[in-house]
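User: I am new to this structure and would like to learn how to read it. Could you take me through it feature by feature?

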Amino acid sequence: MKKIDLLNLVETIREGLVVLEPDLTVRFANRSFCQTFAVTPEDTVGRKLYEIGNGQWDIPQLRIALDNIISGGKTIEAFEVDQVFPSIGRRTMMLNARKVYRPGNKIKQILLAIEDVTERVRLEREHALAHERIGMLMQELTHRVKNSLQSIAAMVFIEARSHKSGEGKAALERVSHRIEALGQLYSKLSKSDTVEAVDAATYLDDLCRDLVASVHKEGGTSIVLKTDIESELLPTDQAIPMGLIVNELVTNALKYAFPSETKGTVMVTLKRVPGELRLTVADDGKGIDSQRADSGLGGRLVEGFAQQLGGQVERESGSHGTTVLLILPSREDSV
């Protein structure tokens, strides 16, 4: 290709291009460079790079990097320059440079490409600020939802205490526990760096222990809780129904698996196996009482939440206890 063809090709490139001698003297500057920085070829070619304009290119780190290229160093990739330039004001430039050879005599030169990324950087910064603001708003919203749920749960619990006994009192207590389960989730979210997911190990473990503590406070039992919950990042839309399922199963085990005993064990596990997430709630109580007035309600809720998660529930109950297994399709690739 002829020299004139190469020059014409370089002149069509939108980015500014400069060819530098080993001492950083400008050998060539294309039309885009001259137009961008409002200079003429006559005022640019033959001068040192760091002498152009008002010295805005006199950047020690850039000079060191260019010298390293000449001495056999690596190329410059994405070197950002944020400076005030004559005529065009403050701009952000992205520089890339590499060593080239003049045909025939192998004289080393540097090809310096300069891209104006001011607008892109501005948009990226605005996007980052907007994302931060949204995160702060979501944290505040989560905190307020948590407080509202705690207030509602407290009011329901107070209403339950006004009933001496019977199905009404028990029903209100169950509603209170369900609301507290949601409040527990939002409490975890308000303290985390994201409102999109929560760690199962802390959320479900704390939920179970709060349920056990409330039963101990009410009835003076010594039921033992054991947990083996893997650290699993649960999306919020999965954590909500899973927390409510755990609430139903653990509450039922605590209140009904040991009717005439003050001792027993409830075990909650969460394990990942290939393609599945398995949640198990087991007790060593007397088994499910099919005659209990509310024995079907909790089961229907668990089935409904399981369908919402796209999972299935397996139950096994007998004189040596009850085991409920929730099998969920794995969502690890989508978290």
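User: How many residues does the largest nonpolar core have, and which of them have the most contacts inside it?

Analyst: Here is the general idea: in soluble globular proteins, nonpolar side chains tend to be buried together. This is a predicted model, and its largest nonpolar core has 39 residues. Met 242, Val 266 and Val 268 have the most contacts inside that core. At least two core residues each come from several elements, including helix H6 (167-190), helix H7 (200-219), strand E7 (222-229) and strand E9 (263-273). Helix H8 supplies the largest share, nine residues. There is also a second, separate core of 27 residues, which includes Val 18, Leu 20, Val 39 and Ile 59.

User: Which residues is Val 268 in contact with, apart from its neighbours within four places in sequence?

Analyst: Among them are Cys 208, Leu 225, Ile 229, Val 250, Leu 279 and Val 281. The list also holds Lys 226, Thr 227, Asp 228 and Thr 280.

User: Now a helix, please. Which residues of H4 are buried, and which are exposed?

Analyst: A good habit is to look down the helix axis and see where the buried residues point. In H4, residues 60-70, the buried ones are Leu 62, Ala 65, Leu 66, Ile 69 and Ile 70. They fall within an arc of 145 degrees seen down the axis of H4, so they line one face of the helix. Pro 60, Gln 61 and Ile 64, on the other side of H4, are exposed. The buried residues pack against four strands: E1 (16-20), E3 (76-85), E4 (89-101) and E5 (108-116). After H4 comes Gly 72, with a positive phi near 105 degrees.

User: How do E1 and strand E2 run, and how many bridges join them?

Analyst: For a strand pair, look at the direction, then the bridges, then the turn. E1 and E2 (residues 26-29) run antiparallel and are joined by three bridges. One pairing to find is Val 18 with its bridge partner in E2, Ala 29. The two strands form a hairpin with five residues between them, and Leu 24 in the turn has a positive phi of about 70 degrees.

User: What about charged residues? How many salt bridges does the structure hold?

Analyst: Side chains of opposite charge can pair when their charged atoms come close. The structure holds 14 salt bridges. Let's take a pair within one helix: the side chains of Asp 205 and Arg 209 meet at 2.9 Å, N to O. These two are four residues apart in helix H7, so about one helical turn separates them. Asp 205 counts as buried at 15% relative accessibility, while Arg 209 counts as partly exposed at 40%.

User: Which elements does the salt bridge between Asp 228 and Lys 271 tie together?

Analyst: Asp 228 lies in strand E7 and Lys 271 in strand E9, so their salt bridge ties together parts that are 43 residues apart in sequence. The N to O distance is 2.8 Å. Another pair, Glu 77 and Arg 98, meets at 3.6 Å, linking strands E3 and E4 across 21 residues. Salt bridges with shared partners also join Glu 119, Arg 122 and Glu 126 into one network.

User: Finally, which elements have the lowest and the highest mean pLDDT?

Analyst: It helps to check the confidence of a predicted model part by part. Helix H1 (residues 3-11) has the lowest mean pLDDT, 58, and E10 the highest, 93. The protein chain averages 79, and 79% of the residues score at least 70.

Conventions: Residues are numbered from 1 along each chain as its sequence is written. This is a predicted model: local features need pLDDT of at least 70, side-chain atom pairs count only at pLDDT 80 or more; totals for chains, interfaces and linings use all residues. Side-chain values use heavy atoms; hydrogens and water are left out. A nonpolar core is a set of buried Ala, Val, Leu, Ile, Met, Phe, Trp, Tyr and Cys residues joined through side-chain atoms within 4.5 Å. Buried means under 20% relative accessible area, exposed over 50%, partly exposed in between (1.4 Å probe, protein chains only). Contact means heavy atoms within 4.5 Å. The arc is that of the directions from the helix axis to the C-beta atoms. Two strands pair if DSSP finds at least two bridges between them. pLDDT is the predictor's confidence in each residue, from 0 to 100. A salt bridge is a side-chain nitrogen of Lys or Arg within 4 Å of a carboxyl oxygen of Asp or Glu.
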